[in-house]
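Here is a short report on a single protein model. It moves from the overall fold to selected residues.

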Amino acid sequence: MQKLFISLSPHVHTTNTVSRCMWNVVIALVPALLCALYFFGIGAAIVIATAVVGCVLTEYIITRYMLHQPAQLANGAAVLTGILLGFNLPSNLPVWIVLIGSVVAIGIGKMAFGGLGCNIFNPALVGRVFLLLSFPVQMTTWPKPLVNTMNYTDATTGATILSQIKQGLIEPEKVDLITNLLGQMGGSLGEVSAIALLIGFIYLLCTRVITWHIPVSIIAAAGIFSLCIGANPLVHIFSGGLLLGAIFMATDYVTSPMSHRGMLLYGAMIGIITIIIRQWGAYPEGMSFAILLMNGFTPLINRYFKPAKFGERSKK
């Protein structure tokens with residue numbers, strides 16, 4: 001008689017690993033990174049490099065000297081958090097503020113919950129929102145592209161497109177969408193080129209790092225809702241951090257729902273909340289707040305939209 005051996009899970013093996021997923025996302029961010037370096041020069045390089053170094057060092061120190069565990073920096077998670085944090089900052093932000101954001105992102109947003117896979121909220125957005133609330137002037141002073149000086153903190157600044165619309169300085173119909181697509185506009189480092197972000201989106205889909213459900217539902221919900229309230233959907237989609245958040249931040253494995261139906265609800269609510277904040281809130285941008293808010297609802301969504309059990313046919 002043949003014996004039946006029962007072992008602990010997991011029972012499904014794959015060549016996909018945490019490291020491969022993280023580094024694939026980093027690769028997908030390269031086009032946007034190159035655009036940021038081109039438009040904002042040395043300021044972009046300093047801010048992103050500082051954020052990456054700050055996140056890596058914070059995770060190393062906490063893991064080795066507070067948790068007394070071996071640091072697993074090779075998986076790229078800390079590097080990815082640093083890049084995403086840098087992408088959510090202006091290129092003229094002082095180094096010491098960037099370092100504070102890195103410590104908050106890793107120390108509070110990630111390690112305080114137990115490290116990789118345990119955090120409730122997206123760490124990079126935790127750092128970004130903390131800096132926005134703590135240093136509102138520095139975090140809302142946007143350098144103009146292609147006019148940086150060698151002293152990057154003294155770069156010529158101006159309002160973003162969403163800020164100008166919020167203040168009534170420009171009509172949405174007069175916004176040059178070609179500029180938004182190419183990236184020659186003020187804003188956070190990672191939101192300046194829609195084309196670069198979409199290239200990264202295609203790469204992530206081809207490598208199966210993410211699925212289409214969350215990004216498409218965010219973009220569709222934001223576009224439809226903005227159209228319903230009489231706003232210009234194309235301006236809202238291609239301006240600000242909507243594409244950056246939809247593609248690279250809302251799709252975080254740990255903080256997003258597991259089922260496809262849950263992903264669609266999650267993404268739709270992020271898109272709607274973002275437009276609500278932009279239209280009637282105090283800030284011209286609302287993507288970070290919308291994602292963090294829905295991060296908090298993810299456990300509830302997972303409870304009511306459970307994926308099918310392994311070997312069981314999903315219910316329609």
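Helices are DSSP runs of H or I with at least four residues, numbered from the N terminus. Arginine 208 sits in the loop between H10 and H11. The model described here is predicted.

**Overall picture**

The protein has 15 helices and two strands. Of its 316 residues, 48% count as buried. Contacts between residues at least 6 apart in sequence were examined across the protein, and 73% of them join residues at least 24 apart. The protein exposes about 15,900 Å². Carbon and sulfur atoms supply 67% of that area.

**The loop between H10 and H11**

Two neighbours in this loop deserve a look. Arginine 208 has a positive phi of about 60°, although it is not a glycine. Its relative accessibility is 73%, so arginine 208 counts as exposed. Valine 209 lies in the loop between helix H10 (194-206) and helix H11 (213-228). Is valine 209 buried or exposed? Valine 209 is buried, because its relative accessible area of 5% falls under the 20% cut-off.

What does valine 209 touch, leaving out residues up to four places away in sequence? The list is Cys21, Asn24, Val25, Leu204 and Tyr253. A further spatial relation involves asparagine 16, which is 193 residues from valine 209 along the chain. The C-alpha atoms of these two residues are separated by 9.1 Å.

**The end of H3 and what follows**

Helix H3 covers residues 42-66, and methionine 66 lies in it. Methionine 66 is exposed, with a relative accessible area of 58%. Methionine 66 also belongs to a nonpolar surface patch of about 610 Å². The other members of this patch are Val53, Leu57, Ile61, Tyr65 and Leu67.

Tyrosine 65 is exposed too, with a relative accessible area of 54%. A search of the whole structure finds four aromatic pairs. In one of them, the rings of tyrosine 60 and tyrosine 65 have their centres 6.3 Å apart. Their planes stand at 80°, so the pair is edge-to-face. Tyrosine 60 counts as partly exposed, at 29% relative accessibility.

Histidine 68 lies in the loop between H3 and helix H4 (77-87). Histidine 68 has a positive phi of about 55° and is not a glycine. Histidine 68 is exposed, with a relative accessible area of 65%.

**Salt bridges**

How many salt bridges does the count come to? It comes to two. The table gives both.

| Basic residue | Acidic residue | Closest N to O |
|---|---|---|
| Lysine 110 | Glutamate 59 | 2.9 Å |
| Arginine 278 | Glutamate 285 | 3.0 Å |

The side chains of lysine 110 and glutamate 59 meet in the pair listed at 2.9 Å. Lysine 110 lies in the loop between helix H5 (95-108) and helix H6 (123-134), and glutamate 59 in helix H3, so the pair ties together parts that are 51 residues apart in sequence. Lysine 110 is buried, with a relative accessible area of 3%. Glutamate 59 is buried as well, at 7%.

In the other bridge, arginine 278 is buried, with a relative accessible area of 3%. Its partner, glutamate 285, has 15% relative accessibility and so counts as buried.

**Helices H13 and H14**

Helix H13 spans residues 242-249. Eight of its eight residues are buried, so H13 is largely enclosed by the rest of the structure. The buried residues in H13 are Leu242, Leu243, Leu244, Gly245, Ala246, Ile247, Phe248 and Met249.

Helix H14 (residues 260-280) has 21 residues. From its first C-alpha to its last, H14 reaches 30 Å, close to the 30 Å expected at 1.5 Å a residue. Which residues of H14 are buried? They are Gly262, Met263, Tyr266, Gly267, Ile270, Gly271, Ile273, Thr274, Ile275, Ile277 and Arg278. Arg278 is the residue that forms a salt bridge with glutamate 285.

Methods
Residues numbered from 1 in each chain as written. Predicted model: local features only at pLDDT ≥ 70, side-chain atom pairs only at ≥ 80, totals over all residues. Heavy atoms only, no water. Buried < 20%, exposed > 50% of the residue type's maximum accessible area, 1.4 Å probe, protein only. Contact = heavy atoms within 4.5 Å. Patch = residues over 30% accessible without salt bridge, like charges linked within 9 Å, V, L, I, M, F, W, Y side chains within 5 Å. Areas by Shrake-Rupley, 256 points an atom, 1.4 Å probe, with all protein chains shown as cover. Salt bridge = Lys/Arg side-chain N within 4 Å of Asp/Glu carboxyl O. Phe/Tyr/Trp six-rings, centres within 6.5 Å; stacked < 30°, edge-to-face > 60°. Expected span 1.5 Å × (residues − 1).
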